[in-house]
Amino acid sequence: MPELPEVETIRRQLAPVVEGRRIRAFEVLDPRWCEPLEPAALADAVRGRTVQRLARRGKYLDWQLGDELHLLMHLRMTGTLLLDPPQRPPLYARVRATLDAHELYFSDPRRFGTGQLVAGDAALEDFLGARIGIEPFEPGFDGPHLRARARGRRVAIKSFLLDQRNVAGVGNIYADEALFRAGVHPLRGAGALTGRQYAALAAAVREVLSAGIDAKGASIDDFRHLDGARGSFQDRFLVHRREGEPCPQCGGAVAKIVVGGRGTYLCRHCQPAPRLALSRSAAR
Ligand SMILES: [Zn+2]
């Protein structure tokens, strides 16, 4: 699933091409993409408008179309945006947009991706405020912020990180990589880290997201760039999807466990288990 670095990669590639362009045509080929809004209603609202700015909020792409009209796109599991692809329409095309001379497709084999219109900046903040929390690159994202947000929470710290209301844009890959770098076991209770661990974790989240953006995202399944190319961050994973391979810090074997239903990779030596979790599993 695309996470913050993958969506940011798409935004950085797409923004210079689409900003200032007029939407000549917009066709939703799969009504599920924008339901409950009718495809024709969405097309009527955006056609003829000029893309003022392409922004990102968490994993959402925010097409700012003037008059405070926002088209929010979410790639979900397998969505990709393809610009002027060689094959038209590409496989699994769900939306076709014509931006002056360019053709942009939203392709999505599993059809979980969405598009929705939000009218008004205040409505946008309401919508996003209910769904996503602080952006990790905002100045307020730090150890004390994480600590305050996690106070009293017994949920596993990894599940806490995956909740978009706590940190916007972190998914399974970057949570594993950040917890490893911070030396924090994924099952540790979110409210039970030390001040030093919260600070290390906040720094590690930023570090792995920056590294992911530098590598133009990770392509372990469907994620592709606008031109169909792959990101390369999967070649730099320290623990994610490296079960049985040596830990880059201690040389021990990387382990795989399940946390909140998600495959989770860690080094048991560098990320010591919380005592509570140990005694619980021993009691089973
Ligand atoms: Zn290790």
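This is a guided tour of a predicted model, stop by stop, with a suggestion of what to select at each one.

Before setting off, note that residues are numbered from 1 along each chain as its sequence is written, and that side-chain values use heavy atoms, with hydrogens and water left out. In this predicted model, local features need pLDDT of at least 70 and side-chain atom pairs count only at pLDDT 80 or more, while totals for chains, interfaces and linings use all residues.

**Stop 1: the open sheet**

Select residues 53-57, 60-64, 69-74 and 114-119. These are strands 2, 3, 4 and 8, and they form an open antiparallel sheet in the order 2-3-4-8. Helices (H or I, at least four residues) and strands (E, at least two) are DSSP runs, numbered from the N terminus; two strands pair if DSSP finds at least two bridges between them. Strand 2 and strand 8 are the edges, each pairing on one side only. On average, neighbouring strands in this sheet are turned by 25 degrees against each other, direction ignored. Axes here are lines fitted to C-alpha atoms, for helices over the stretch in contact, and angles run from 0 to 180 degrees between N-to-C directions.

**Stop 2: strand 3 and its two hairpins**

Now keep strand 3 alone and colour it by burial. Five of its five residues are buried, so strand 3 is largely enclosed by the rest of the structure. Buried means under 20% relative accessible area, exposed over 50%, and partly exposed in between (1.4 Å probe, protein chains only). Tyr-60, Asp-62 and Gln-64 point one way from the strand, while Leu-61 and Trp-63 point the other way.

Add strand 2: five bridges join it to strand 3 in the antiparallel sense, with Arg-56 opposite Leu-61. Two residues separate these strands in a hairpin, and Gly-58 in the turn has a positive phi of about 60 degrees. Then add strand 4, which also pairs with strand 3 over five antiparallel bridges. Look for Asp-62 opposite Leu-72 and for Trp-63 with its bridge partner Leu-71. This hairpin has four residues between its strands, and Gly-66 in the turn has a positive phi of about 90 degrees.

**Stop 3: helices across the sheet**

Bring in residues 121-129, helix 3. This helix lies across strand 2, strand 3, strand 4 and strand 8, running at about 25 degrees to strand 4. Which residues of helix 3 are buried? They are Leu-124, Phe-127 and Leu-128. Seen down the helix axis, these buried residues fall within an arc of 90 degrees (taken from the directions from the axis to the C-beta atoms), so they line one face of the helix. Their cover includes strands 2, 3, 4 and 8. On the other side, Ala-122, Asp-126 and Gly-129 are exposed.

Helix 2 (residues 39-46) is worth adding too: it lies across strand 4 and strand 8, at about 55 degrees to strand 8.

**Stop 4: strand 7 and its partners**

Select residues 102-107, strand 7, where five of the six residues are buried. Strand 5 (residues 80-83) pairs with strand 7 over four antiparallel bridges, and strand 6 (residues 93-99) is joined to strand 7 by six bridges, also antiparallel. Centre on Tyr-105: Leu-82 is one bridge partner, and Arg-96 stands opposite as well. Strands 6 and 7 form a hairpin with two residues between them, and Asp-100 in the turn has a positive phi of about 50 degrees.

**Stop 5: helix 6 and Phe-180**

Move to residues 172-182, helix 6, where ten of the eleven residues are buried. What covers them includes helix 1 (4-18), helix 5 (157-162), helix 7 (195-214) and strand 10 (262-266). Just after the helix, Gly-183 takes a positive phi of about 70 degrees.

Within helix 6, zoom in on Phe-180, which is buried with a relative accessible area of 1%. Beyond its neighbours within four places in sequence, the contacts of Phe-180 (heavy atoms within 4.5 Å) include Leu-238, Val-239, Cys-247, Cys-267 and Cys-270.

**Stop 6: the zinc ion**

Those cysteines lead to the last stop. Which residues coordinate the zinc ion? The SG atoms of Cys-247, Cys-250, Cys-267 and Cys-270 do, at 2.2 to 2.4 Å. Donors are N, O and S atoms within 2.8 Å of the metal (3.2 Å for Na, K and Ca); water is not among the atoms, so sites may look incomplete. The donor residues are spaced C-x2-C-x16-C-x2-C in sequence, and both Cys-267 and Cys-270 are buried. The four donor atoms subtend angles of 99 to 113 degrees, which makes the arrangement tetrahedral (four donors, all angles between 85 and 135 degrees).

Terms used: Tetrahedral: all angles 85-135°; square planar, octahedral: opposite > 155°, others 65-115°.
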